[in-house]
Structure formats: structure tokens, C-alpha cells
Amino acid sequence: MSTYKKTAIILAGGEGHRAGGAIPKQFRELCDRPMVWWSMKAFHDADPDTQLVLVLHPGFFDDWDIIWNNLPESDRFAYRLCCGGRDRCESVANGLMEETAEAGALIAVHDAARPLVSRELIERCWQTAEQLQTAVPAVPVTDSLRKLGPDGDSQSVDRSLYVAVQTPQTFDAALLKKAYNARKAGEVYTDDASVVEAYGHKIALCQGEAINMKVTNPADFIVAEALMMAVRTPASE
């Protein structure tokens, strides 16, 4: 077992409009628990000593407080709440503000909208980052791909040259903090790996999991809940 200090930043700072529904998608239930809870619980179950940081839109703090306190006591665990930013990068930067960069510390950044992340994937990311400073889970692309041109034309590309990237993206804490502090205003960063790569550090990929889907659209909730019922231990009553 690694002795490294571990922190998991769970990103739930968006408003979740694409998923539809009357409440933010991170609060919608899967198997009788909020989606964000499953993502938090996965890291807690993988290693209860992992410090959890939940990054949430400040307008949802009161709603989350009610949801959290209505959970059975056995389903609650320690975490720290942090304000989300204007975009993903700013939300991660807010989550990093109070994190130390002590030697050997590791930080994983995970989308709350990936509630099916497994213990095995979490541990694989920790282990890879401990060895290589970075760990970005990825899976092969199974769909055919075409590159769009400026005039609306398209061209077939070799999908074997591409992978689909997932979270948790896991890094040496000092490296991740330095990379975020060095990011340039106006630059577009699609994820944490792109921030670290722009800082000049090579990214190490590790094996992701097809089941680690991102819940984005309304139909995704149906698929995610069906998968969860098949693979998860039921939440405590």
C-alpha cells in the first residue's frame, strides 16, 4: 500500500443543462443516491484515507447540504467543499488552492459525471502516477472517425491513432499545481492533461474502462443506472 498522501478533487461545478431535468445532473439519483455521491464514494471505498474535495457551483451549496444531511449516516464521510469557477480549469484551480504540494503527494481530478469509476481504475491511476508523475486513463476509439474541414467536407482518419480520454486524471501534486499556476490567460485547455502537457511535461496513459462512461445526456442516466445495478453493491438502507 502506498504511503503517499492522496487527494481526490471531484468536479461537480457545472449546471448540467444538457442532461435535462429540474435539478442539476450531479444531484439526480442513480440507484437511490445522487450521482455525485457515487463518484465520491468510489474514492472513499478505494482508500478511506484519501482526502476528498468536492467542487460545487456556489449556488447549489444549500441544496447539497440538504441532500447530504438526508443521507443515512452510514453513507456519509469526510470531505471538503470548494466553490466552482467559471470553467473547468478555474474549478480545478480552486480545488488546488488549499492543497499542499508535499513530497510524494498525489492528486486525482475526477468528473462527478463518471459515477461508474471502479476501485481497480482508481488504484491503477494512483500507482501509475506514483511511478511516472502522471496517469491519464484512456480507452480505444471504437467508432469510425472523420476529420471535418473548413468547408464542411470530411476525411476519414485512422482510429487506431486515437484514444478516448477519461478521468480520474492523476498527478504528482507539485507538478499539477505548478502547471496550473503557469497556465496562460486565453488559452483553451480541455482537461488537466492538456494543462500539464502545456507546462512541458509528458503525459503517461494507463488503461481506462469502457464502463467508466460520462453521464451527459438524458438517455445516459438510463444506461448508467442499468450498468450500476449490474456491477455495484447496493447502497446501504
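1. Let me start with Met-97, which sits in the loop between helix 3 and strand 6. With a relative accessible area of 63%, Met-97 is exposed. Its partner in this point is Lys-177: the two are 80 residues apart in sequence, yet their C-alpha atoms lie 8.5 Å apart in space. Please keep in mind throughout that this is a predicted model.

2. Just before that loop comes helix 3 itself, residues 88-96. Eight of its nine residues are buried, so helix 3 is largely enclosed by the rest of the structure. The buried set consists of Cys-89, Glu-90, Ser-91, Val-92, Ala-93, Asn-94, Gly-95 and Leu-96. Who are the packing partners of the buried residues of helix 3? They pack against strand 1 (6-12), strand 4, strand 5 (80-83) and strand 6 (106-111), and also against helix 5 and helix 6. If you colour one element in your viewer, I would pick this helix.

3. Now for the overall picture. The protein has seven helices and twelve strands. Its radius of gyration is 18 Å, close to the 18 Å that the globule rule gives for 237 residues, so the protein is as compact as a globular protein of that length. Along the principal axes, the C-alpha trace spans about 55 × 45 × 35 Å.

4. A few totals go with that picture. Of the 237 residues in the protein, 47% are buried. Among contacts with a separation of 6 or more, 75% are between residues 24 or more positions apart. The exposed area of the protein is about 12500 Å², and carbon and sulfur atoms supply 50% of it. As for charge, there are 24 positive and 33 negative charges, and the mean positions of the two sets are 4 Å apart.

5. Next, the cysteines. How many disulfides does the count come to? The count is zero. Cys-125 is a good residue to look at here: the nearest cysteine sulfur belongs to Cys-206 and is 3.8 Å away, and Cys-125 is in no disulfide. The cut-off for a disulfide is a pair of cysteine sulfur atoms within 2.5 Å, so a separation of 3.8 Å does not qualify. Cys-125 is also buried, with a relative accessible area of 0%.

6. The backbone has some details to check by eye. Most residues other than glycine have a negative phi, and most peptide bonds are trans. Against that background, a cis peptide bond joins Thr-167 and Pro-168, with omega at about 15°. Pro-168 is found in the loop between strand 10 (163-165) and strand 11 (169-172).

7. Two non-glycine residues with positive phi also belong on your list. One is Cys-31, with phi near 50°, in the loop between strand 2 (29-30) and strand 3 (33-34). The other is Gln-133, with phi near 75°. Gln-133 lies in the loop between helix 4 (119-132) and strand 7 (134-140), and at 35% relative accessibility this residue counts as partly exposed.

8. Is Thr-50 buried or exposed? Thr-50 is buried, with a relative accessible area of 5%, although this residue is found in a loop, the one between helix 1 (35-46) and strand 4 (51-56). Leaving aside neighbours within four places in sequence, Thr-50 is in contact with Lys-6, Thr-7, Ala-8, Phe-43 and Trp-126.

9. Val-188 is a loop residue with another setting. It is placed between helix 5 (173-182) and helix 6 (192-198), and its relative accessible area of 69% makes it exposed. Val-188 and Val-165 are 23 residues apart in sequence, and their C-alpha atoms are 17 Å apart in space.

10. Finally, a residue within a strand: Ser-156 belongs to strand 9 (residues 154-157). Ser-156 is exposed, at a relative accessible area of 51%; the cut-off for exposed is over 50%. Which residues does Ser-156 touch, not counting those up to four places away in sequence? They are Leu-145 and Arg-146. Ser-156 and Leu-145 are eleven residues apart in sequence, with 6.1 Å between their C-alpha atoms.

Technical notes: Residues numbered from 1 in each chain as written. Predicted model: local features only at pLDDT ≥ 70, side-chain atom pairs only at ≥ 80, totals over all residues. Heavy atoms only, no water. Buried < 20%, exposed > 50% of the residue type's maximum accessible area, 1.4 Å probe, protein only. Helix = DSSP H or I, 4+ residues; strand = E, 2+ residues; numbered from the N terminus. Rg over C-alpha atoms; globule rule 2.2 N^0.38 Å. Contact = heavy atoms within 4.5 Å. Areas by Shrake-Rupley, 256 points an atom, 1.4 Å probe, with all protein chains shown as cover. Lys, Arg positive; Asp, Glu negative; His and termini not counted. Charge placed at Lys NZ, Arg CZ, Asp CG, Glu CD.
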